[in-house]
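Let us take a walk through this model together, starting from a small local motif and working outwards to the whole chain and its ligands. Keep the structure open beside the text as you read.

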Amino acid sequence: MVGFSYEALREVHLEPTTRCQLRCPMCPRTGADGAPNRRVPRADLSAATVQAILPGELLDGLEQVLLCGNYGDPMWAPDLLETVAYLRASRRGLRISMHTNGSGQPSDFWTELARQKVRVRFGIDGLGDTLSRYRRGAAFDAVMASAESFIEAGGKATWQLIRFAHNADEVERARARAEAMGFARFVVKDTGRFFKARYYPKRSDGHRDYTAVPRLPVYDGPNLVDHLAPPPDTMKTPRRSFHKSRDAGTIRCRVIDTRSVYISAEGLVFPCCWLGEIYASDRADRPGQLGDLLGDDGWHALRAPETPLRDIVEGDVFRTIATRMACQTMHEGRLETCARTCAVV
Ligand code: SF4
Ligand code: SF4
């Protein structure tokens, strides 16, 4: 990568909060026991902080602000509407998008988002009770009420459905319902998160059986309450081998084209949300991560607005991240997250 440039930025991905009421089993805010991941701090980006990090002259050059994040649902950010009002007032043509589970907030919240021309993507992974097999704690009727309020107020909504074995037969009925309700788009996604070694059963010789269906255990406290599996047709997808991408292939950074930057609810700035996933329980304390590069004292160099966004994006840490992308192996300095996410083998 040539380098990260503040002037070239076209997209900002904000994590307005780390709060969420759900316990989706594959979410990094959910621990292996189904309880909230205890490493994740409670944090919110206030509207004043967003204004300090993203001044008007930066917003003038942006095409999009995405309200999403790794650890929370934007609808629970106390200043979300104030933040949106600031972004919209700064630039009428700015595309503002938000991802949410939609199972909460009163109707006037959704009406206001529509009025501010925010595009909202609702994560609705099934009809009726099916929704909460994965979106644990979500209420289907509440999501429908939120979407209806938003759409009736003129909002452009997307229905996103992640396919699992348990909802694959509902896709077409969900698509029909989305059309009938006036959703602008219906998006079906498959997740690659099933295809990790630990979700495959062990054979009698102790090795994992990669021809079997991976099964994700779902816990409620100490109790195993469910298993989730991918839809049968995705089993044709070969399991990604991380061991190959650690030390081979080329890193094709996905934020080069979008020229985007990620800002966490703590005000920490990263090139992308993948590098910003610093509390994921399956990656903690492993070598080759961003934490190694920063050391114990390095985080303050990434914290805005104490350090101006320009200084972070064009500073030493971002420069080193870009340089490390050219390394051929993790031993040479390739970051594990860059290898996992963006290596093309
Ligand atoms: S709704 Fe989003 S933030 Fe909340 S638990 Fe599910 S994936 Fe995580
Ligand atoms: S993980 Fe690394 S290579 Fe991939 S988008 Fe992020 S910074 Fe770029």
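Strands β7 (residues 216-220) and β8 (residues 223-228) run antiparallel and are joined by five bridges. One of the cross-strand partnerships is that of Tyr219 with Leu224 in β8. The hairpin that β7 and β8 make has two residues between the strands, and Gly221 there takes a positive phi near 60 degrees. Please bear in mind throughout that this is a predicted model.

From the hairpin we can turn to the sheet. Eight strands form an open sheet of mixed pairing, and the order across it is β6-β5-β4-β3-β2-β1-β10-β11. Its edges are β6 (185-189) and β11, each of which pairs on one side only. As a reminder, strands of a sheet pair through backbone hydrogen bonds, either parallel or antiparallel. At the β11 end, β10 (residues 260-263) pairs with β11 in the antiparallel sense, over two bridges. There, Tyr262 stands opposite Phe270 in β11.

Now step back to the chain as a whole. It has 13 helices and twelve strands. The radius of gyration is 21 Å, close to the 20 Å that the globule rule gives for 345 residues, so the chain is as compact as a globular protein of that length. Measured out along the principal axes, its C-alpha trace spans about 60 × 55 × 35 Å. Of its 345 residues, 34% count as buried. If you take the contacts between residues at least 6 apart in sequence, 73% of them join residues at least 24 apart.

Helix α12 (residues 316-324) is a nice place to see burial at work. Its buried residues are Val317, Phe318, Ile321 and Arg324. They cover an arc of only 125 degrees around the axis, which puts them on the same side of α12. The face turned away from that buried side carries the exposed residues Asp316 and Thr323. And what covers the buried residues of α12? The cover includes α10 and α11.

The loop between α10 (290-294) and α11 (309-313) has a feature of its own, for Pro305 lies in it. The peptide bond from Ala304 to Pro305 is cis, with omega near 0 degrees.

Another loop, the one between β11 (269-270) and α10, holds Glu277. Is Glu277 buried or exposed? It counts as buried because it has 20 C-beta neighbours inside 10 Å, and 20 is the number at which a residue is called buried. Leaving aside residues up to four places away in sequence, Glu277 touches Pro28 and Asn70. Met330 is 53 residues from Glu277 along the chain, and their C-alpha atoms are separated by 19 Å.

Two residues other than glycine have a positive phi and are worth a look. They are set out here with their loops and their surroundings.

| Residue | Phi | Loop | C-beta atoms within 10 Å |
|---|---|---|---|
| Gln105 | near 70 degrees | between β3 (95-100) and α4 (107-115) | 20, buried |
| Lys117 | near 60 degrees | between α4 and β4 (118-123) | 16, partly exposed |

Finally, the ligands. Around ligand 1 you will find Cys20, Leu22, Arg23, Cys24, Cys27, Arg29, Thr30, Gly72, Asp73 and Asn101. By class, this shell has four nonpolar, three polar and three charged residues.

Ligand 2 is surrounded by 14 residues, and the closest are Cys253, Pro271, Cys272, Cys338 and Cys342. Which helix gives the most to the shell around ligand 2? That is α13 (residues 336-342), with four residues. The shell around ligand 2 divides into eleven nonpolar, two polar and one charged.

Notes:
Residues are numbered from 1 along each chain as its sequence is written. Chains are lettered from A and ligands numbered from 1 in the order in which they are written. This is a predicted model: local features need pLDDT of at least 70, side-chain atom pairs count only at pLDDT 80 or more; totals for chains, interfaces and linings use all residues. A residue is near a molecule or strand if its C-beta atom, placed from the backbone, lies within 6 Å of it. Ala, Val, Leu, Ile, Met, Phe, Trp, Tyr, Cys and Pro count as nonpolar, Asp, Glu, Lys and Arg as charged, and the others, Gly among them, as polar. The radius of gyration is taken over C-alpha atoms; the globule rule is 2.2 Å times the number of residues to the power 0.38. A residue is buried if 20 or more other C-beta atoms lie within 10 Å of its own, exposed if 12 or fewer, and partly exposed in between; C-beta atoms are placed from the backbone. Two residues are in contact if their C-beta atoms, placed from the backbone, lie within 7 Å. The arc is that of the directions from the helix axis to the C-beta atoms. Two strands pair if DSSP finds at least two bridges between them.
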